Amino acid sequence: MLVIDEASMMDVLLMNQLLKAVPDHAAVLVVGDVDQLPSVGPGAVLADIIESGQITTVRLTEIFRQAATSEIIVNAHKINRGEVPKPNQNHAESTDFYCLHADTPDAIFTKLMHIVTKRIPIRFGVDPIDDIQVLTPMNRGGLGARALNVELQARLNGDSEPKIAKYGTTYAPGDKVIQNINNYEKEVFNGDIGRIERIDTEESLLTIRFDEREVEYEFNELDEISLAYATSIHKSQGSEYPVVVMPLAMQHYTLLERNLVYTGVTRGKQLVVLICEPKALGMAVRTQKSGRRVTNLVGRLR
């Protein structure tokens, strides 16, 4: 029996190759959240399989035990129904979901820096680098992953030495980094997050610790990684983090839609903080564009 998890990330080409490789006597169980972002590649395989009505489908709808008291889960369901999460009026109240309003992108940036580097680590006793993940809709722009990474690196790991600059990015021991492509030789894969342990400038080697394993990179291989204090929401799909902080501004308007916010919120295990322009959050929760991919799988299955 083959179990495919996070099946919303499967595009039509990958699913085709995978099913061809499964022997006829095997069973296949497809598990996924159809409300998350669609696959990067073409198709809407999970949604089409469900919509066709030809494959036995079970939907999980009941919230169990500790999840029933989790505001993360409650608000994720609200977002899915097109309801906008309310801002927290009473900040003394303890919860695992906070929605903070800001009027401008600059105000969002200032709040985000304070919350990630000071407020959350002090109040919740978490490590600002290992435990907090900033998720943003875009890579570019003032609230994009690149700009946020440079600022968070300076504030959280700015004094670390030795520094090396490669492919437009500066790295130092202690930096949080993400692998951007599958490297089968090193056994590190797209989306794996690690911390830089050592930099040997004489040997031109950089060592990254992924969980309990250390992996060496030559300096000319550093185009495979990037800083990961902040990553895009798309990049986070399939991962979970103790704490998620997510900025949403009108400058992200081309990407603002329900499944993006829902995917980001459901990455957080213990705490989720949205810092947003109210108009941007409202627009995102009400918008459903990417669900309308033009595919023929439903018709073929029927």
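Let me begin with a lysine: the charged end of Lys 186 sits over the ring of Tyr 217, at 4.9 Å from the ring centre. What we are looking at is a predicted model, and I will keep to what its coordinates show. A second lysine is placed in a similar setting, since Lys 166 lies over the face of Tyr 167, 5.6 Å from the centre of that ring.

From there I turn to rings that meet other rings, of which the structure holds two aromatic pairs. In one of them, Tyr 98 and Phe 124 are arranged edge-to-face, with 6.4 Å from centre to centre and 70 degrees between the planes. This pair links distant parts of the chain, as Tyr 98 belongs to strand β3, residues 97–101, while Phe 124 belongs to helix α5, residues 105–124, and the two are 26 residues apart. Tyr 98 has a relative accessibility of 6% and therefore counts as buried, whereas Phe 124, at 34%, counts as partly exposed. The other pair is made by Tyr 184 and Phe 189, whose ring centres are 5.6 Å apart and whose planes stand at 65 degrees, so this pair too is edge-to-face. Here Tyr 184 is exposed, with a relative accessible area of 62%, and Phe 189 is partly exposed at 32%.

Strand β3 also brings me to the cysteines. Why is there no disulfide between Cys 99 and Cys 276? The closest cysteine sulfur to that of Cys 276 is the one in Cys 99, and at 4.0 Å it is too far for a bond, given that a disulfide requires the two sulfur atoms to be within 2.5 Å. The structure as a whole holds zero disulfides. Both of these cysteines are buried, Cys 99 with a relative accessible area of 1% and Cys 276 with 0%.

Next comes helix α4, which runs over residues 71–80 and in which Ile 72, Asn 75, Ala 76 and Ile 79 are buried. These four cover an arc of only 110 degrees around the axis, and so they lie on the same side of α4. The spacing fits a general rule: an α-helix has 3.6 residues a turn, so residues three or four places apart point the same way. Which elements do the buried residues of α4 pack against? They pack against β3, α8 (258–265), β14 (268–276) and α9 (278–286). At the N-terminal end of the helix, Ser 70 acts as a cap, with a side-chain oxygen 3.2 Å from the backbone nitrogen of Ile 72. Just after α4, Gly 82 takes a positive phi of about 85 degrees.

That leads me to the backbone, where the background is that most residues other than glycine have a negative phi, and most peptide bonds are trans. Glu 6 has a positive phi, near 50 degrees, although it is not a glycine; it is found in the loop between β1 (2–4) and α1 (12–21), and at 23% relative accessibility it counts as partly exposed. Ser 204, likewise a residue other than glycine, has a positive phi near 55 degrees; this serine is placed in the loop between β8 (193–200) and β9 (205–210) and is partly exposed, at 30%. Finally, the peptide bond that joins Glu 161 and Pro 162 is cis, with omega at about -5 degrees, and Pro 162 has its place in the loop between α6 (145–157) and β5 (164–166).

Technical notes. Residues numbered from 1 in each chain as written. Predicted model: local features only at pLDDT ≥ 70, side-chain atom pairs only at ≥ 80, totals over all residues. Heavy atoms only, no water. Phe/Tyr/Trp six-rings, centres within 6.5 Å; stacked < 30°, edge-to-face > 60°. Buried < 20%, exposed > 50% of the residue type's maximum accessible area, 1.4 Å probe, protein only. Lys NZ or Arg CZ within 6 Å of the ring centre and 35° of its normal. Arc of directions from axis to C-beta. Contact = heavy atoms within 4.5 Å. Polar contact = N/O pair within 3.5 Å; in protein donor to acceptor, adjacent residues only side chain to side chain.
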